[in-house]
2 protein chains.
Amino acid sequence: MTRTPQTPGTLTVIPVIGLEEIRRGDDLARHIARHAALVNGDVVVVTQKIVSKAEGRVVALDPEDPNERERLIESEAVRVLRRRGRLLVTQTKHGFVCANSGVDLSNVEQGFAALLPEDPDRSARRIRDGLRAAVGVEVAVVVSDTFGRAWRQGVVNVAIGCAGVRAILDLRGTADSFGRELVATEICVADELASAAELVMGKVAHIPVAVVRGVDPEWLRTGSISSEVVRPPAEDLFR
Amino acid sequence: MTRTPQTPGTLTVIPVIGLEEIRRGDDLARHIARHAALVNGDVVVVTQKIVSKAEGRVVALDPEDPNERERLIESEAVRVLRRRGRLLVTQTKHGFVCANSGVDLSNVEQGFAALLPEDPDRSARRIRDGLRAAVGVEVAVVVSDTFGRAWRQGVVNVAIGCAGVRAILDLRGTADSFGRELVATEICVADELASAAELVMGKVAHIPVAVVRGVDPEWLRTGSISSEVVRPPAEDLFR
């Protein structure tokens, strides 16, 4: 097998293996630091589920009672966009449009549901600060969740919070290879980082954290999903 | 710097550097093979733009004439979903919902526009077959393009065609870590592979091909974007 680790610009995506089951009040940064050999410039992608668990965003829910489930989903939403059977597509308090307000019954104890973190950008900042405090590394953090999409089947992992990394790379005004100005090329690298991380997580492998190593240091600046990625409803063509 | 290449499940995303400008009729597989040290099981992600160029899907277009541009976009569409200023959101002949039917003026010679490949799954199969013929490797191929999304700012790289890799990983019925059945977890790994690749491409770096190495061999089966990922309009809640 030809190995080409020397190619400049190569990224590695490394699963963080062996993380303990996370409980309310756990210091996520310390847990992650114990199982990942982090270096400056790493992007640490953390699944929403364990962030919600650490933050106590888990509530009792009778899985046999669809009305209770629907009330919970609606209480996490500011607007229900569509209903089809048991699926509600809602706009959450954060401004995300997703299935069932992100309320999730998988990988949670029977009789409970995990809600999205209250402020996922803040969650990301806390983990980032915690990793700096625990092991002295300067990393970026992305909090991720799997969202469905309009028009395309299947879910993909996207960023719901970030810290220490620009969410969107604005290439407007940068010349293309023919020297003309690109009109609008804003790439959501935060979502792409979340998707890259998901490839090594796998829903069944139960790996809730992955590290993306080797990203352009230029990307590692202050960033926010809430202010960069959430599209204001007035500018949106599909609600 | 701590290197952890030994962590099982680690992926590497390698940019393919030095590719020549692609012209109509070029054998893309031979071009790629010349600049990438491919191994069996690699996923080769190829930007739509060079596929379209090789396939001659480039047409003359007066950049000063907005009407001509709009006629071209409409001729590539089966339906215009929304209009706002110069932006049209259309459903293409392939069933993709995207901006301007995927008609693209960037990284194309002045006075020309690139159209999406006629059948991107077929394009992916041809490149895959070509790589097998050229260097005897068994790889997967994803043809990618950057698409905008409803509800979220910024574009991300997605798969518009694939060969040799399952587009969607169906984890329905697989037990979660609490032993309960996951109801619906279909992950669009093809889109996530495209997004991972984009992180090393960069619009300005002009790197139209990247290799994702180390994916689960279980994923490397027959796949298709058109039949797995394109959501039938009747099942879609947002058109």
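Here is a short chat about how two chains of a predicted model meet.

Colleague: What should I keep in mind about this model?
Modeller: It is predicted, so local features need pLDDT of at least 70 and side-chain atom pairs count only at pLDDT 80 or more, while totals for chains, interfaces and linings use all residues. Residues are numbered from 1 along each chain as its sequence is written, and chains are lettered from A and ligands numbered from 1 in the order in which they are written.

Colleague: What makes two residues count as in contact?
Modeller: Their C-beta atoms, placed from the backbone, must lie within 7 Å. By that rule, chain A and chain B each bring 65 residues to the contact.

Colleague: How do you know that the two copies are related as by a two-fold rotation axis?
Modeller: Copies are superposed by least squares on the C-alpha atoms of residues with pLDDT of at least 70 in both. A turn of 180° with a shift of 0.0 Å along the axis lays chain B on chain A at an RMSD of 0.0 Å. The copies are thus related as by a two-fold rotation axis.

Colleague: Why is strand S1(A) called largely enclosed?
Modeller: Strands are DSSP runs (E, at least two residues), numbered from the N terminus. A residue is buried if 20 or more other C-beta atoms lie within 10 Å of its own. In S1(A), 5 of the 5 residues are buried, so the rest of the structure largely encloses this strand.

Colleague: What makes S1(A) and S1(B) a pair?
Modeller: Strands pair if DSSP finds at least two bridges between them. S1(A) and S1(B) have 3 bridges, in the antiparallel sense, with A:Leu11 opposite B:Val13.

Definitions and conventions:
Helix = DSSP H or I, 4+ residues; strand = E, 2+ residues; numbered from the N terminus. Buried ≥ 20, exposed ≤ 12 C-beta atoms within 10 Å, placed from the backbone.
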